[in-house]
Each structure stands twice: as structure tokens, then as C-alpha cells.
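Work through the exercises below with the sequence and the model at hand. Each task is followed by a solution in steps.

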Amino acid sequence: MPVSIQVSPDNFQDVDYLMEEVGLKFPVVVKPVYGGYGDGVLKLEGMEDLKGFLNRYYERNSSNLILQEYIPYRHDVRVFVIDNRVVCAMERIPKNDWRANCSLGAETRRFSIGEDVEDLLLKGVKKVGAHIVGVDVLIDEEGNHYILELNITPQFRNIMRYVDIPLEIVKYIEERLSSNNHRF
Ligand SMILES: Nc1ncnc2c1ncn2[C@@H]1O[C@H](COP(=O)(O)OP(=O)(O)OP(=O)(O)O)[C@@H](O)[C@H]1O
Ligand SMILES: [Mg+2]
């Protein structure tokens with residue numbers, strides 16, 4: 001995972017110390033804890049911008065924010081996992097924005113992830129314990145992988161271009177029901 005911290009209304013004044021403690025450097029990505037579609041996800045280049053933003057934000061809000069190391073990514077990939085198996089991986093290619101959300105105009109293509117990455121993310125999925133998971137992975141120029149997020153209620157409208165996800169989910173449910181050990 002990228003280096004990340006959370007800030008709250010109680011500690012945001014000390015953001016420089018909090019960042020120093022974990023070695024979080026600029027640029028940083030600021031994002032709401034609960035969010036989607038790239039809304040409210042910002043990239044900030046320096047402490048002055050960050051402090052200005054946090055002061056303005058906490059005049060009106062009281063929710064926590066995530067501050068995260070910016071990964072200069074080459075590929076932003078959504079991996080769809082059903083029952084600990086990768087069903088499809090899709091790259092989102094940003095257009096006119098640094099964020100690769102489809103809602104912000106990103107284009108998509110089918111992507112093939114390496115076996116080592118697959119092992120890594122399936123381990124993560126196992127820990128979460130969910131059966132249907134969308135994993136967001138960033139891959140940088142050197143091929144390093146960073147897991148951004150594990151979504152346990154993943155959307156599949158875009159990935160449906162490549163794989164019939166509802167069909168895969170139905171197949172999985174059928175398999176589970178017909179096996180001896182059909183606990184969900
Ligand atoms: N640490 C990071 N480094 C580089 N780019 C990032 C980083 N975090 C997010 N991004 C970019 O911004 C996009 C949106 O961020 P993120 O996926 O965290 O939020 P979201 O899409 O709004 O929320 P969610 O994925 O939970 O629905 C990502 O798809 C990625 O392209
Ligand atoms: Mg996202």
C-alpha cells in the first residue's frame with residue numbers, strides 16, 4: 001500500500017509532524033474516507049497548499065481525510081475477484097485528468113496482471129474474507145505494485161465490456177450450492 005495517514009478535525013493542525021512520523025512526502029493525494037467517482041480526490045504539491053486546504057475543509061466539515069503518498073503510476077488497474085480467482089483485470093487510462101476514474105472520462109482496456117501480483121492481491125482478498133471483491137492496483141514505471149483499495153461491493157458496469165460478471169457470479173453461487181460444503 002502507499003504510505004497513508006488519516007487526519008481529523010482534532011489533529012489536522014499537526015499535519016506536518018504526522019507526515020514526518022511516517023515519512024510521507026509531497027506530492028500527496030488527499031481523499032475522503034468514504035467516497036467514489038474520484039470526487040474530492042486531490043493531488044497537492046506542498047505544505048502551504050495542504051495546510052490552506054485543510055483549514056478551509058475543516059471550517060465546513062468534520063470527517064476524516066486520508067493523506068496518501070502519490071504513486072506516479074503507469075497503470076491503474078481494477079481486478080475483479082470471485083471466490084479467490086481473478087475473473088478479469090481492466091486498465092483504466094486517464095484522459096484529461098490525473099485520476100483514472102471512468103466517471104472522469106478514463107478509457108478502459110483489458111489488462112493482464114502478472115502471477116506475482118495475482119498472488120499478492122489474492123492474499124489480501126483472503127484476509128478481507130469476502131467472496132466478490134474489486135481490487136484497485138497501481139503499477140509504477142519500475143513495475144512496483146500498490147494496492148489502493150479492496151471494494152467488497154464493487155461496481156461492474158465498465159468491466160462488463162470484457163467479462164459477463166453477473167453470469168460469473170451466478171456460476172459461483174451454483175457451484176457453492178451444489179458442493180457439499182455450501183455455507184455462505
Ligand atoms: N496514491 C495515489 N497515487 C496516485 N494516484 C492515485 C492515488 N490515489 C488515487 N489515485 C488516482 O485517483 C483515482 C481516484 O482515487 P480513489 O480510487 O482512491 O477514489 P475514488 O475512485 O473516488 O473512490 P473509490 O475507488 O473508493 O470508489 C484512482 O483511480 C487513481 O487513478
Ligand atoms: Mg476508485
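Two strands are taken as paired if DSSP finds at least two bridges between them. With that criterion, Val28 has Leu44 in β3 as its bridge partner. The model is a predicted one.

**Exercise 1. Overall layout**

Task: State how many helices and strands the chain has, and give their order along the sequence.

Solution.
Step 1. Counting gives 4 helices and 9 strands.
Step 2. Reading along the sequence, the pattern is β-α-β-β-α-β-β-β-β-α-β-β-α.
Step 3. For the extent, a box of roughly 60 × 35 × 30 Å along the principal axes holds the C-alpha atoms of the chain.
Step 4. The chain has 184 residues, of which 18% count as buried.
Step 5. Among contacts in the chain with a separation of 6 or more, 56% come from residues 24 or more positions apart.

**Exercise 2. Two domains**

Task: Give the bounds of the domains and describe the contact between domain 1 and domain 2.

Solution.
Step 1. The domain assignment places domain 1 at 4–69 and domain 2 at 73–178.
Step 2. Their C-alpha centres are 26 Å apart.
Step 3. The contact involves 4 residues of domain 1 and 5 residues of domain 2.
Step 4. On the side of domain 1 that touches domain 2, the residues comprise 2 nonpolar, 1 polar and 1 charged.

**Exercise 3. The sheet of 4 strands**

Task: Derive which strands stand at the edges of the open sheet with the order β1-β4-β2-β3.

Solution.
Step 1. The pairing in this sheet of 4 strands is antiparallel.
Step 2. β1 (4–7) and β3 (42–44) each have a single partner strand, so they stand at the edges and one side of each lacks a neighbour in the sheet.
Step 3. From one strand to the next, the twist averages 30°.
Step 4. Antiparallel β1 and β4 are joined by 4 bridges, and Ile5 stands opposite Leu67 in β4.
Step 5. Helix α1 (residues 15–22) packs on the sheet and touches β1 and β4, its direction making about 155° with that of β1.
Step 6. Helix α2 (residues 47–60) also packs on the sheet, where it touches β1, β2 and β3; its direction makes about 135° with that of β3.
Step 7. Between β2 and β4, which run antiparallel, there are 5 bridges, and Val29 stands opposite Gln68 in β4.
Step 8. Antiparallel β2 and β3 are joined by 3 bridges.

**Exercise 4. The sheet of 5 strands**

Task: Write down the strand order of the open sheet of 5 strands and find its edge strands.

Solution.
Step 1. The order is β7-β6-β5-β8-β9, with antiparallel pairing.
Step 2. β7 (107–110) and β9 pair on one side only and are the edge strands.
Step 3. Direction ignored, neighbouring strands of this sheet are turned by 25° against each other on average.
Step 4. β6 (residues 85–93) pairs with β7 in the antiparallel sense over 4 bridges, with Ile93 opposite Glu107 in β7.
Step 5. Helix α4 (residues 165–178) lies across β5, β6 and β8 and runs at about 40° to β5.

**Exercise 5. The shell around ligand 1**

Task: Which residues come nearest to ligand 1, and which strands each supply at least two residues of its shell?

Solution.
Step 1. The shell has 22 residues, and Val29, Gly36, Ile71, Arg99 and Ala100 come nearest.
Step 2. At least two shell residues come from each of β2 (28–32), β4 (65–69), β5 (73–82), β8 (132–140) and β9 (145–151).
Step 3. At the level of domains, domain 1 and domain 2 each give at least three residues to the shell.
Step 4. Sorted by class, the shell has 10 nonpolar, 5 polar and 7 charged residues.

**Exercise 6. Tyr37**

Task: Is Tyr37 buried or exposed?

Solution.
Step 1. Tyr37 is located in the loop between β2 and β3.
Step 2. Within 10 Å there are 12 other C-beta atoms.
Step 3. A residue with 12 or fewer counts as exposed, so Tyr37 is exposed.
Step 4. Not counting residues up to four places away in sequence, Tyr37 touches Asn101 and Ser103.
Step 5. Tyr37 and Arg99 are 62 residues apart in sequence, while their C-alpha atoms are 9.4 Å apart in space.

How values were computed: Residues are numbered from 1 along each chain as its sequence is written. Chains are lettered from A and ligands numbered from 1 in the order in which they are written. This is a predicted model: local features need pLDDT of at least 70, side-chain atom pairs count only at pLDDT 80 or more; totals for chains, interfaces and linings use all residues. Domain bounds come from an automatic or database domain assignment. Two residues are in contact if their C-beta atoms, placed from the backbone, lie within 7 Å. Ala, Val, Leu, Ile, Met, Phe, Trp, Tyr, Cys and Pro count as nonpolar, Asp, Glu, Lys and Arg as charged, and the others, Gly among them, as polar. A residue is near a molecule or strand if its C-beta atom, placed from the backbone, lies within 6 Å of it. Axes are lines fitted to C-alpha atoms, for helices over the stretch in contact, and angles run from 0 to 180 degrees between N-to-C directions. A residue is buried if 20 or more other C-beta atoms lie within 10 Å of its own, exposed if 12 or fewer, and partly exposed in between; C-beta atoms are placed from the backbone.
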